[in-house]
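Trainee: I have a new model open and would like to practise reading it. Could you take me through it feature by feature?

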Amino acid sequence: MATWQGKTRGGLLGHQIFVFILQYFGLSPAYFLLYFVSCYYFLFSRKSNKFIYSYFKDVHHYSSFRARWAVYRNYYIFGQILIDKVAIYSGLANKFTFNLEDEKHLAAMDRGGFMISAHIGNWEMAGKKSDRIHKTMNLVMLDAEHQRIKHYLEAVMKDRNFKVIPLKDDLSHLISIRQGLDNGELIAIHGDRFMEGMKTLTATFMDREARFPEGPFYLALRMNAPVSFAFAMKAGRKHYHFYATPPKKYDIPAGKRISSEDLMPVLKDYILALESMLEKYPDQWFNYYAFWN
């Protein structure tokens, strides 16, 4: 099965063009340019087209015509979210509205905890709003992105108020995560992508068998921290809805060696939350590879 390669779609020039348009012309012209960019990917990105078309056709059971239209719409919404991400962190957050009712569940984790999300919607929006609950957020992510693009966006997105913890081969990220929890901070991590060689768990997701990374769920149990499954979804042209489940701690006996069976209750709750989001927002699934077995 093809797996994610740890790279973000789009080149450096493409990001620079959209940032330039945002800075000098605003959101609407940037959105307009997306119609043409989306057409390009729809016509020429055959590999990702195959996988995202299968998602709509085989998972959501769309007709062939509806599935093809959904592929184009998926690219367009993904582009909007990338633009929104840069806009929000470049000082244009006042152009958007937010439904943040579920942020109370994050505030309830007064001694720190995990927020496990997915590559759906616009996760960085939650990071932007975490200061409302006076919480420091730490984003745990694979350090396998295209470095030039990442460095460029970091220079543009100067208004970030979260910290990044890169996953390292020497496991030094575990120390940073532990320190964050000890300080009562939030640890945000995705639970829907893995790279070849990582330990995985297999479960039924959207009525089909799929593999999930073991790491996020293992960390929550090993560090004995509460977990909330959280998602920030684009619910309108300039509106986002933040969803989060009430925090839950999955206790295991002290000193017990954690097995795959111990992790399944966490994974199953995560899958239920993720399925609920994809039923509401099917167009916002952004995993462009063979996710299902």
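**Reading the model together**

Mentor: Gladly, and we can start with a single pair: the side chains of Asp262 and Lys256 make a polar contact of 2.6 Å. A polar contact is a pair of N or O atoms within 3.5 Å; within protein, one must be able to donate a hydrogen and the other to accept it, and residues adjacent in sequence count only if both atoms are side-chain atoms. This is a predicted model, where local features need pLDDT of at least 70 and side-chain atom pairs count only at pLDDT 80 or more, while totals for chains, interfaces and linings use all residues. Residues are numbered from 1 along each chain as its sequence is written, and side-chain values use heavy atoms, with hydrogens and water left out.

Trainee: Where does Asp262 lie, and with which residues is Asp262 in contact, leaving aside its neighbours within four places in sequence?

Mentor: Asp262 belongs to helix α10, residues 260–280. Helices (H or I, at least four residues) and strands (E, at least two) are DSSP runs, numbered from the N terminus. Contact means heavy atoms within 4.5 Å; with neighbours within four places in sequence left aside, Asp262 touches Leu221, Lys256 and Arg257.

Trainee: How do I read the confidence, and which element has the highest mean pLDDT?

Mentor: pLDDT is the predictor's confidence in each residue, from 0 to 100. The protein has a mean of 85, and 84% of its residues reach 70 or more. Among its elements, α10 has the highest mean pLDDT, 97, whereas helix α7 (residues 147–156) has the lowest, 58. Where pLDDT is low, the predicted coordinates should not be read in detail.

Trainee: What does the overall inventory look like, and how many helices and strands does the protein have?

Mentor: There are 10 helices and 9 strands. For burial, the cut-offs are under 20% relative accessible area for buried, over 50% for exposed, and partly exposed in between (1.4 Å probe, protein chains only). Buried residues account for 53% of the 293 residues. Of the contacts with a separation of 6 or more, 76% come from residues 24 or more positions apart.

Trainee: Now the strands: which ones are joined to β9 by bridges?

Mentor: Two strands pair if DSSP finds at least two bridges between them. Strand β1 (residues 97–99) runs parallel to β9 with 3 bridges, and Phe98 has Tyr240 as its bridge partner in β9. Strand β8 (residues 227–236) runs antiparallel to β9 with 6 bridges, with Ala232 opposite Phe242. β8 and β9 also form a hairpin, with 2 residues between them. As for burial, 5 of the 6 residues of β9 (residues 239–244) are buried.

Trainee: And β5: which strand pairs with it, and in what sense?

Mentor: Strand β2 (residues 113–117) pairs with β5 in the parallel sense over 5 bridges; Gly113 is matched there with Leu186. In β5 (residues 186–190), 4 of the 5 residues are buried.

Trainee: Is Ile187, in strand β5, buried or exposed?

Mentor: Ile187 has a relative accessible area of 0%, so it counts as buried. Its contacts beyond four places in sequence include Gly113, Phe114, Met115 and Val140. The C-alpha atoms of Ile187 and Val140 are 7.1 Å apart, although 47 residues separate the two along the chain.

Trainee: What should I look for at a buried charged residue such as Arg211?

Mentor: Look for a salt bridge, meaning a side-chain nitrogen of Lys or Arg within 4 Å of a carboxyl oxygen of Asp or Glu. For charge, Lys and Arg count as positive and Asp and Glu as negative, while His and the chain ends are not counted. Arg211, in strand β7 (residues 208–213), is buried without a salt bridge, and Glu196, the nearest side chain of opposite charge, is 4.3 Å away. The Arg211 side chain does make a polar contact of 3.3 Å with the side chain of Thr200.

Trainee: Last one: where are Asp207 and Asn224 found?

Mentor: Asp207 is in the loop between β6 (200–205) and β7, with a positive phi near 70°; at 74% relative accessible area, Asp207 is exposed. Asn224 is in the loop between α9 and β8, with a positive phi near 50°; its relative accessibility is 43%, so Asn224 counts as partly exposed.
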